[in-house]
Amino acid sequence: MLGFRKEERPLALPDPAELTQAIAQTAREICLDTRVIKRSLPDVAADAMALCQQTSTDALRIEKSVTRDPFISAQIVSVANSPMFAPRMPIVSVRDAIVRIGLSNVSDIVMMVVTSSTMFRIRGFDEYVGKVTSRFPATALAARLIASTLRLPMESAFTAGLLHDIGDLILLDRCVKTGKVRAQMLQEPVFYGVIVDALHANHAKVGAAVCTVWKLPSTTVEAAAHHHEYKLGGHHFSANLVAAADSFADAMGIGVPIKHIIDPAGTVFRDLGLSGEQVTSTLVQFEKLLPSVRIFK
């Protein structure tokens, strides 16, 4: 009589519809649980954000907070020296970076490092996590450049571009930790599709809730909530800008199977008031500066 040893028993897979419902239910639970959301942000990033929001903050306090993590400290100095900020003289320390590129920029770099390299370790989903996190710094840079072209504040655009898809991994992480999604499911193509579709359908509301609890700017909340449907319920400008940034990342093949061809006269750009020439020139800048934000390990 044939049988399976305990470790060889085939995985009992749920009905696809049940899995979809379970992921949606988890999304609703996250949105209602501020404690889970607060715990999801690493201490270094939380401290940096809180300090940067205080009017009395000085460089020394930020430096003491950030230098608790040598990796993040090194990345701050590296990014601050990159062509994105183009310092006239080399920046040699975290304090030097804070003084010369500003508190808000340092806070953004901390968030970029944390979300792109250290925050998400979801066992069995390394490849998927890598695809998503590779887009975080890319869309942040693209949003910053597009905002600069439009002569809008670059800092708020950077944060919106960086975190608009954060709900995707927050939701996946929670589903894995609660056992609703398991790595073995990836071996079945149908379930991989179900998981990805359910994450896509629910990540925007999770991302908006996360950005709200983290006390991020309203532009970042708006981008997280509406970046896939920026015209729904009115024109959400920040979400429109981030959707354009996503198009830039697609054009470079970041986190997608193949590179997408950009139409400089496309609706997503026209709705921002960008001309075809502006789109093309900004895309050239983006490609040139992209290596400066693709340094995380």
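**Figure 1. Lining of the largest pocket in the predicted model.** In this predicted model, 17 residues line the largest pocket, and Tyr 128, Val 132, Arg 135, Asp 168 and Gly 255 lie nearest its centre. Three elements give two or more residues each to this lining: α8 (126–149), α11 (189–213) and α13 (237–251). Helix α8 gives the most, with 5 residues. By residue class, the lining holds 7 nonpolar, 4 polar and 6 charged residues. The pocket volume is about 480 Å³.

**Figure 2. The whole chain, for orientation.** The chain has 15 helices and 0 strands. Its C-alpha trace spans about 75 × 45 × 35 Å along the principal axes. The radius of gyration is 20 Å, which agrees with the value near 19 Å for a compact globule of 297 residues. Of the 297 residues, 49% count as buried. The chain exposes about 14800 Å², and carbon and sulfur atoms supply 55% of that area. Take the contacts between residues at least 6 apart in sequence: 69% of them join residues at least 24 apart.

**Figure 3. Asp 96 in helix α6.** Helix α6 covers residues 94–101, and Asp 96 is found in it. Is Asp 96 buried or exposed? Its relative accessibility is 18%, so Asp 96 counts as buried, the cut-off being under 20%. Which residues does Asp 96 contact, once its neighbours within four places in sequence are left aside? They are Pro 90 and Ile 91.

**Figure 4. Helix α9, mostly covered.** Helix α9 runs over residues 154–163. Of its 10 residues, 7 are buried. The buried set begins with Ala 157, Phe 158, Thr 159 and Ala 160. Gly 161, Leu 162 and Leu 163 complete the set. As background, an α-helix has 3.6 residues a turn, so residues three or four places apart point the same way.

**Figure 5. Arg 151, a loop residue with positive phi.** Arg 151 is found in the loop between α8 and α9. Its phi is near 60°, a positive value in a residue other than glycine. Most residues other than glycine have a negative phi. Arg 151 has a relative accessible area of 78%, so this residue is exposed.

**Figure 6. Lys 215, a second loop residue with positive phi.** Where is Lys 215 found? Lys 215 is in the loop between α11 and α12 (218–226). Phi of Lys 215 is near 60°, again positive in a residue other than glycine. With a relative accessible area of 63%, Lys 215 is exposed; the cut-off for exposed is over 50%.

**Figure 7. Lys 205 and its surroundings.** Lys 205 has its place in helix α11, one of the elements that give two or more residues to the lining of the largest pocket. At 39% relative accessibility, Lys 205 counts as partly exposed. Its contacts, leaving aside neighbours within four places in sequence, are with Ala 27, Arg 28 and Cys 31. What separates the C-alpha atoms of Lys 205 and Ala 224? The separation is 7.5 Å, although the two residues are 19 residues apart along the chain. Ala 224 falls within α12 (218–226).

Technical notes. Residues are numbered from 1 along each chain as its sequence is written. This is a predicted model: local features need pLDDT of at least 70, side-chain atom pairs count only at pLDDT 80 or more; totals for chains, interfaces and linings use all residues. Side-chain values use heavy atoms; hydrogens and water are left out. On a 1 Å grid over the protein atoms alone, a cavity is a set of points where a 1.4 Å probe fits but cannot get out, and a pocket is an open set with protein on both sides within 12 Å along at least five of seven lines; lining residues have an atom within 4 Å of a point. Grid points are joined across faces, edges and corners, and a volume is the space filled by probe spheres set on the points. Helices (H or I, at least four residues) and strands (E, at least two) are DSSP runs, numbered from the N terminus. Ala, Val, Leu, Ile, Met, Phe, Trp, Tyr, Cys and Pro count as nonpolar, Asp, Glu, Lys and Arg as charged, and the others, Gly among them, as polar. The radius of gyration is taken over C-alpha atoms; the globule rule is 2.2 Å times the number of residues to the power 0.38. Buried means under 20% relative accessible area, exposed over 50%, partly exposed in between (1.4 Å probe, protein chains only). Contact means heavy atoms within 4.5 Å. Accessible areas come from the Shrake-Rupley method with a 1.4 Å probe; for residues, only the protein chains shown count as cover.
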